[in-house]
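Reader: I am new to reading protein models, and I would like to learn how the descriptive words are chosen. Could we go through one together?

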Amino acid sequence: MSTEKLRISAVTITPVAFRDPPLLNSVGVHEPYALRAIVEVRTDGGLTGLGETYADARHLERLQAVAEQIVGLDVYATEELHRRVGEIIARIGGVGGSGLTGMVTTSSTVDRVHSPFEVALLDIQGQACGRPVSDLLGGAVRAAVPFSAYLFYKWAGHPGAEPDEWGAALDPEGVVAQARRMVDAYGFTAIKLKGGVLPPEEEVEAVRALRAEFPDHPLRLDPNAAWTVPTSVKVGQALDGVLEYLEDPTPGIEGMAAVAREVSMPLATNMCVVAFDELHPSVAVDAVQVILSDHHYWGGLRRSKLLSGICDTFGMGLSMHSNSHLGISLAAMTHLAAATPNLTYACDTHWPWKTEDVIEPGVLAFKDGSVEVPTTPGLGVTLDRDALGTLHEQYLTSGQRNRDDTGYMRTIHPTYRSTIPRW
Ligand code: GKR
Ligand code: MG
């Protein structure tokens with residue numbers, strides 16, 4: 001058996017832009033393109049590992065700084081990778097460019113920057129030993145990973161453009177029609193509605209309409225902290241027995257704890273607990289009962305496993321958060337979820353909303369709402385170089401350099417203000 005070290009010989013970061021529909025949320029509306037950065041790590045032995053992350057300008061600068069400092073590193077040395085990323089961020093600064101503008105602002109910059117490199121190194125490790133990444137994380141405990149239908153209020157199309165294939169969803173009928181279409185196409189067995197867009201009573205009506213149409217699907221509502229504590233309590237009590245969990249009704253750990261004391265369903269978050277140092281304060285006041293993990297900001301796949309252990313220890317449930325993403329991310333999410341026994345909720349994904357990708361198609365097919373865990377070595381996905389080139393070109397011509405849902409909304413409705421909480 002070879003004990004030879006596998007060393008990094010080159011790293012490439014490629015920003016890409018892919019078409020995104022006008023999905024509405026509590027801080028504005030998705031721009032015509034979503035941005036991602038594709039990380040390719042090469043070894044001197046000729047292997048290439050892939051990672052995917054945000055592509056906001058400041059984040060890209062940090063990725064590039066790390067890329068230059070890890071040539072020569074052993075691909076098994078992920079702790080040393082994390083240490084070096086920490087050193088680099090301490091030197092060049094860690095504020096701004098989270099890729100989650102207006103949503104998650106307190107995640108750890110070091111963990112965010114570390115993540116795509118760690119995923120790429122695990123991809124290489126898997127290829128080197130001929131095993132899927134899920135095996136490196138402890139082995140898949142499920143052969144397929146369930147995802148949820150992720151519904152959005154949306155306009156029919158971007159202003160000035162033709163309506164997209166989904167059309168508008170601005171009332172309960174539109175939301176139910178969107179859900180029906182998504183469930184029929186993908187077989188999803190759980191449904192999440194992104195709220196925080198319309199007055200809360202209207203969103204309660206939409207959830208009730210979903211319940212009538214899908215009596216057996218677990219339902220979730222996520223207004224991204226758009227409500228005050230009293231409004232959150234009112235909505236939580238109105239939807240007693242209807243929601244599987246209520247996600248981020250109100251801002252902050254104290255606010256969530258106040259809501260949790262008054263409602264029956266579990267509260268979930270990808271906003272008030274997004275980094276390891278926020279776990280203790282949250283546990284101390286029982287602010288949330290479900291954490292939405294996300295390897296893109298929890299520091300990669302192994303640190304997400306660490307989070308799963310902490311949730312298990314403190315009796316908290318575990319689900320998975322997503323942002324607009326491509327196939328490398330979905331592959332990583334699937335391996336992680338497969339190898340995380342206590343991840344018992346269907347994971348979020350924005351997958352149905354995209355029409356373009358950078359990977360060769362075929363590997364990550366949805367069946368009955370689930371993605372089969374790839375069993376080939378590494379992540380199991382292959383970069384389509386032509387597609388990468390096209391989406392990079394699209395990034396260059398798009399003019400978008402940061403995610404800015406609020407700014408885009410204001411180009412359409414100049415008086416729009418992002419106010420959290422709004423109701
Ligand atoms: O894609 O607009 C969106 C979502 O609102 C996203 O930004 C959130 O981070 O999906 C996320 C969530 O669960 O809060
Ligand atoms: Mg959320």
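Reader: Which hand does the crossing of H5 and H6 have?

Author: In this predicted model, H5 passes H6 in a right-handed crossing. The label is given when the near helix is turned clockwise from the far one by less than a right angle.

Reader: Why are H5 and H6 called oblique to each other?

Author: Start with the angle: the axes of H5 (residues 172-186) and H6 (residues 200-213) cross at roughly 45° and come within 9 Å. Roughly parallel needs an angle under 35 degrees, and roughly perpendicular runs from 65 to 115. The value of roughly 45° fits neither of these ranges, so H5 and H6 are oblique to each other.

Reader: What makes the contact between H5 and H6, and how do its residues divide by class?

Author: From H5 come Pro172, Val175, Val176, Ala179 and Arg180, and from H6 come Glu205, Ala206, Ala209, Leu210 and Glu213. By class, the contact of H5 with H6 has seven nonpolar, no polar and three charged residues. Glu and Arg count as charged, and among the contact residues are Arg180, Glu205 and Glu213.

Reader: Why is H1 called oblique to H2?

Author: The axes of H1 (residues 57-69) and H2 (residues 78-92) come within 10 Å and cross at roughly 130°. Roughly perpendicular ends at 115 and roughly antiparallel begins over 145, and the angles between count as oblique. That makes H1 oblique to H2. The crossing of H1 with H2 is right-handed.

Reader: Which residues of H1 and H2 meet?

Author: Arg62, Ala65, Val66 and Gln69 in H1 meet Arg84, Val85, Ile88, Ile89 and Ile92 in H2. Sorted by class, the contact of H1 with H2 has six nonpolar, one polar and two charged residues.

Reader: H2 also packs with H3; what are the angle and the hand there?

Author: H2 and H3 (residues 109-129) pack at an angle of about 145°, with their axes 9 Å apart. H2 passes H3 in a right-handed crossing. On the H2 side the contact is made by Thr78, Leu81, His82, Val85, Gly86 and Ile89, and the H3 side includes Val110, Phe117 and Leu121. The residues of the contact of H2 with H3 divide into seven nonpolar, five polar and one charged. Gly counts as polar in this scheme, and Gly86 is one of the contact residues of H2.

Reader: Let us turn to the strands. Why do E7 and E13 stand at the edges of their sheet?

Author: The open sheet has seven strands in the order E7-E8-E9-E10-E11-E12-E13, with parallel pairing. E7 (149-152) and E13 (317-320) each have a single partner strand, so one side of each is left without a neighbour in the sheet. The twist averages 25° from one strand to the next.

Reader: How do you know that E9 and E10 pair?

Author: Pairing requires at least two bridges, and three bridges join E9 (residues 219-222) to E10 (residues 243-247). The two strands therefore pair, and they run parallel. Leu219 stands opposite Leu243 in E10. H10 (residues 301-313) packs on this sheet, touching E12 (290-293) and E13, and its direction makes about 175° with that of E12.

Reader: What is the order of the three strands in the other open sheet, and which are its edge strands?

Author: The order is E1-E4-E5, with antiparallel pairing. E1 (8-19) and E5 (48-53) are the edge strands, and each pairs on one side only. From one strand to the next, the twist averages 20°.

Reader: How do you know that E4 and E5 pair?

Author: Six bridges join E4 (residues 33-43) to E5, and at least two are needed. Val39 stands opposite Gly51 in E5. H12 (residues 385-398) lies across E1 and E4, running at about 65° to E1.

Reader: What makes Ala225 worth a look?

Author: Most residues other than glycine have a negative phi. Phi of Ala225 is near 65°, a positive value. Ala225 sits in the loop between E9 and H7 (229-238).

Reader: Which residues does the cis peptide bond join?

Author: The cis peptide bond joins Ile420 and Pro421, with omega about -5°. Pro421 lies in the segment after H13 (405-412).

Reader: How confident is the predictor in the protein chain?

Author: The mean pLDDT of the protein chain is 96, and 97% of its residues reach 70 or more. For the complex, the predictor gives an ipTM of 0.94 and a pTM of 0.97.

Terms used. Residues numbered from 1 in each chain as written. Chains lettered and ligands numbered in written order. Predicted model: local features only at pLDDT ≥ 70, side-chain atom pairs only at ≥ 80, totals over all residues. Axes fitted to C-alpha atoms, helices over the stretch in contact; angles between N-to-C directions. Helix = DSSP H or I, 4+ residues; strand = E, 2+ residues; numbered from the N terminus. Contact = placed C-beta atoms within 7 Å. pLDDT = per-residue confidence, 0-100.
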